[in-house]
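Biologist: I'd like a close look at one part of this model, with the cut-offs spelled out as you go. Pick a spot and take me through it slowly.

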2 protein chains.
Amino acid sequence: MMTCFELLADPGRRSLLDELRKGEQSVGTLAKQLKVNQPAMSKQLKTLREAGLVAVRIDAQRRIYRLNPEGLREVDDWLAPYRAFWEQRLDAMERTLESLED
Amino acid sequence: MMTCFELLADPGRRSLLDELRKGEQSVGTLAKQLKVNQPAMSKQLKTLREAGLVAVRIDAQRRIYRLNPEGLREVDDWLAPYRAFWEQRLDAMERTLESLED
DNA sequence: CTGGAATATGCCTGAAATGGCATATTAATA
DNA sequence: TATTAATATGCCATTTCAGGCATATTCCAG
């Protein structure tokens, strides 16, 4: 199973997740929207499903996929300390501006 | 050149970035800390350098690498809408708790 | 200017992942 | 039950990448 970091490495999978943010959709709809053939779409969905980033619901022959973004928290958590770096630099900039005002 | 998303796919590179959060370090120090051989470390640093995630400073024969986390903003930005999903669920949970208090 | 330390680079190999295509599976419908 | 729609899976070819090793490069010290 791929880690969520590896999953995000592929632009196609990122687009797929972005598309699913609009709401749950069938495999066919997704394939059409993202202009990839059906088997490729099924494979992308499978990798995301195995990692728990998407979930499925069955509707007759259709599989309706929906976003399950909880798994992305791992990425967000990893990123957190770096966010502190940016804010640190922002603070530094603010201090600079303040000193200029004096 | 790799995208920042692809760069984060490799656990070794993530560890390297994490290590650099402690402060700037030479190639040799980094290799020792992360228990990888020197050529491998130089390669990892090169890929990160090409993407602008780290920067170098020359000190005699040594190359001192430091973190340049600005490039990670792209990941953070992409992640932002998903963060909204989590908060949404948090809000829902809070509403549930409030209704329980009534 | 010679030797050694620190780092980078080139080459090769093995592993893994993507894309395309054919085909299997599952479910509805006539 | 035969047919068709929707989806999944298996296989093959191609590519890409990390790892390991040898070696080139750069710089200081003596």
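Modeller: Let's start with a helix pair: in chain B, the axis of α3 (residues 27-34) comes within 9 Å of that of α4(B), and the two cross at roughly 110 degrees. Axes here are lines fitted to C-alpha atoms, for helices over the stretch in contact, with angles running from 0 to 180 degrees between N-to-C directions. Therefore α3(B) and α4(B) count as roughly perpendicular, the label for 65 to 115 degrees (under 35 is roughly parallel, over 145 roughly antiparallel, the rest oblique). Elements are DSSP runs numbered from the N terminus: helices are H or I with at least four residues, strands E with at least two.

Before going on, the small print: this is a predicted model, where local features need pLDDT of at least 70 and side-chain atom pairs pLDDT 80 or more, while totals for chains, interfaces and linings use all residues. Residues are numbered from 1 along each chain as its sequence is written, chains are lettered from A and ligands numbered from 1 in the order written, and side-chain values use heavy atoms, leaving out hydrogens and water.

Back to the pair: Val27(B), Leu30(B), Ala31(B) and Leu34(B) of α3(B) meet Gln38(B), Met41(B), Ser42(B) and Leu45(B) of α4(B), contact meaning heavy atoms within 4.5 Å. That makes six nonpolar, two polar and no charged residues (nonpolar: Ala, Val, Leu, Ile, Met, Phe, Trp, Tyr, Cys, Pro; charged: Asp, Glu, Lys, Arg; polar: the others, Gly among them).

Now follow α4(B) to the DNA. It gives the largest share of the surface near DNA strand C, five residues, where near means a heavy atom within 4 Å. Gln38(B) and Ser42(B) turn up again here, among the closest of the 18 residues around strand C, along with Arg13(A), Lys43(A) and Tyr65(B). An N or O atom in the Gln38(B) side chain sits 2.6 Å from a base nitrogen of strand C, inside the polar-contact limit (N or O pairs within 3.5 Å; within protein, one must be able to donate a hydrogen and the other to accept it, and sequence neighbours count only if both atoms are side-chain atoms). Chain A joins in on the backbone: polar side-chain atoms lie 2.5 Å from a phosphate oxygen for Arg13(A) and 3.4 Å for Asn37(A).

Of the strand C atoms within 4 Å of the protein, 55% are sugar or phosphate and the rest belong to bases. The surface near strand C divides into five nonpolar, seven polar and six charged residues.
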